[in-house]
Amino acid sequence: LEERRNDLNPRTVEILERNLKLIDAAIGQARQALEEDPGNAYLNRHLVESRKRKLDLLRRATSISEAD
């Protein structure tokens, strides 16, 4: 995102950053919960899905900036 920031509309950057913060918070919460309950399958899936969402968002941001 930092590399493509100047290629994107400022509103788009704002939305992406807000969503990334939410995803990062979910990842942090899942990691913290897993420290207390490392064998919890739900928490492990949640962490994996949150990381996938982050990757997907970053990929979409890259494709948006490349399309402009």
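Begin by selecting Lys-54 in this predicted model, where the residue is partly exposed, with a relative accessible area of 26%. Now add Asp-24 to the selection, since the side chains of Lys-54 and Asp-24 meet in a salt bridge, with 2.7 Å from N to O. Lys-54 sits in helix H2, which covers residues 41-67, while Asp-24 sits in helix H1, so this pair ties together parts that are 30 residues apart in sequence. Asp-24 also counts as partly exposed, at 35% relative accessibility.

Next, select Arg-5 and Glu-17, which form a salt bridge whose closest N and O atoms are 2.4 Å apart. Arg-5 belongs to the segment before helix H1 (10-36) and Glu-17 to helix H1 itself, so the pair ties together parts that are twelve residues apart in sequence. Both ends can be coloured by accessibility: Arg-5 is partly exposed at 25%, and Glu-17 is partly exposed at 29%.

Then move to Arg-11 and Glu-14, whose side chains meet in a salt bridge at 3.0 Å, N to O. These two residues are three apart in helix H1, and therefore about one helical turn separates Arg-11 from Glu-14. Arg-11 is partly exposed, with 44% relative accessibility, and Glu-14 is partly exposed as well, with 41%.

Keep that pair on screen and add Arg-18, because Arg-11, Glu-14 and Arg-18 are linked in a network of salt bridges.

As a last stop, show every charged side chain together and ask how many salt bridges the structure holds. The structure holds six of them, including the one between Arg-5 and Glu-17 and the one between Lys-54 and Asp-24.

How values were computed
Residues numbered from 1 in each chain as written. Predicted model: local features only at pLDDT ≥ 70, side-chain atom pairs only at ≥ 80, totals over all residues. Heavy atoms only, no water. Salt bridge = Lys/Arg side-chain N within 4 Å of Asp/Glu carboxyl O. Helix = DSSP H or I, 4+ residues; strand = E, 2+ residues; numbered from the N terminus. Buried < 20%, exposed > 50% of the residue type's maximum accessible area, 1.4 Å probe, protein only.
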